[in-house]
Amino acid sequence: MPPPSDLAPPSDLAMSPYEKLAQLGLELPQVPTPIGNFTTHVREGTLLYLSGQGPTHEDGRIHTGKVGADVSVEEAYAHARLTGLNLIAVLHTALGDLRKVRRIVKVLGMVNATPDFTDHPAVINGCSDLFVAVFGDAGRHARSAVGFGSLPRRITVEIEAVVAAS
């Protein structure tokens, strides 16, 4: 019998990011249109810089409010997950194939929070957990999760990322 390191990987490791999204019951949305004079991404060499995305549904609805006041941690986690899905849609558009993602390098998560709110990491885990679920170990990243007094259009979260791609 071969040593454990030589065994075939479990089937979920062999799944493509698209299969993992389907397994999670998710479909890639259209990339939200930027709300200012910027592009959704810039590629420099093997690094792809993704502009901040928010919790925007494909029909244009957005989640707004102040986390710690009128938005719970659980609701904001779901908003961060939706934002992560929007970032994955940007990746798909930029690369043409999510299998070209080598690693999610860095994530900056911004939370529209009350001054006394302290659970920013739990909110941004919505995005981080999705990246790991879709990209496996390549989805593990360095991260900052910080609070802001306001965000554009009063959205609950905004998240940007740096991705290494082939």
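The bend of a helix at a residue is the angle between two axes, one fitted to the seven residues that end there and the other to the seven that start there. With that in hand, a reader of this predicted model can begin at helix α4, which bends by about 40° at G126. The helix covers residues 120-135, 16 residues in total, and spans 23 Å from its first C-alpha to its last, close to the 22 Å expected at 1.5 Å a residue. After α4 comes G136, a residue with a positive phi near 65°.

Many side chains of this helix face other parts of the chain. The buried residues of α4 are H120, V123, I124, G126, C127, S128, L130, F131, V134 and F135, and G126, the site of the bend, is therefore among the residues that count as buried, with under 20% relative accessible area. The partners against which the buried residues of α4 pack include two helices, α2 (17-23) and α3 (73-95), together with the strands β3 (101-112), β4 (142-148) and β5 (157-165).

Two of these buried residues deserve a separate look. A search of the whole structure finds one aromatic pair, and this pair is formed by F131 and F135, whose rings meet edge-to-face with 6.5 Å from centre to centre and 65° between their planes. Because planes over 60 degrees apart count as edge-to-face, the angle of 65° places the pair in that class. Both residues lie in helix α4, where they are four residues apart, or about one turn of the helix, and both F131 and F135 are buried.

From the helix we can turn to the sheet. Five strands make up an open sheet, arranged in the order β1-β2-β5-β3-β4 and with mixed pairing. At its edges stand β1 (41-44) and β4, each of which pairs on one side only, and from one strand to the next the twist averages 15°. Helix α3 packs on this sheet, where it touches β1, β2 (47-53), β3 and β5, and the direction of α3 makes about 140° with that of β2.

It helps to follow the sheet across from the edge strand β1. The strands β1 and β2 pair in the antiparallel sense over four bridges, and within this pairing R43 stands opposite L48 in β2. The two strands form a hairpin with two residues between them, and G45, which lies in the turn, has a positive phi of about 65°. On the way to the next strand, β2 and β5 also pair in the antiparallel sense, here over five bridges, and L48 appears again, standing opposite V163 in β5. L48 of β2 is thus placed opposite R43 and also opposite V163.

How many of the nine residues of β5 are buried? Eight of them are, so this strand is largely enclosed by the rest of the structure. On to β3, the pairing with β5 is antiparallel and consists of nine bridges. Two positions show how residues line up in these two strands: L108 stands opposite E160 in β5, while G109 has I159 of β5 as its bridge partner.

L108 and G109 also lead to the edge strand β4, which contains V146. Leaving aside residues up to four places away in sequence, V146 touches L108, G109, M110, V111 and H120, the last of which is one of the buried residues of α4. V146 itself counts as partly exposed because its relative accessibility is 32%. V146 and T118 are 28 residues apart in sequence, yet their C-alpha atoms are 9.0 Å apart in space.

The final stop is the loop between β4 and β5, which holds R153 and R154. Phi of R153 is near 55°, a positive value in a residue other than glycine, and R154, although not a glycine, has a positive phi of about 65°. Is R153 buried, exposed or partly exposed? Its relative accessibility of 47% means that R153 counts as partly exposed, because that class lies between the 20% limit for buried residues and the 50% limit for exposed ones.

Technical notes:
Residues are numbered from 1 along each chain as its sequence is written. This is a predicted model: local features need pLDDT of at least 70, side-chain atom pairs count only at pLDDT 80 or more; totals for chains, interfaces and linings use all residues. Side-chain values use heavy atoms; hydrogens and water are left out. The expected span of a helix is 1.5 Å times one less than its number of residues. Buried means under 20% relative accessible area, exposed over 50%, partly exposed in between (1.4 Å probe, protein chains only). Contact means heavy atoms within 4.5 Å. Two strands pair if DSSP finds at least two bridges between them. Axes are lines fitted to C-alpha atoms, for helices over the stretch in contact, and angles run from 0 to 180 degrees between N-to-C directions. Rings of Phe, Tyr and Trp (its six-membered ring) pair if their centres lie within 6.5 Å; planes under 30 degrees apart count as stacked, over 60 as edge-to-face and the rest as tilted.
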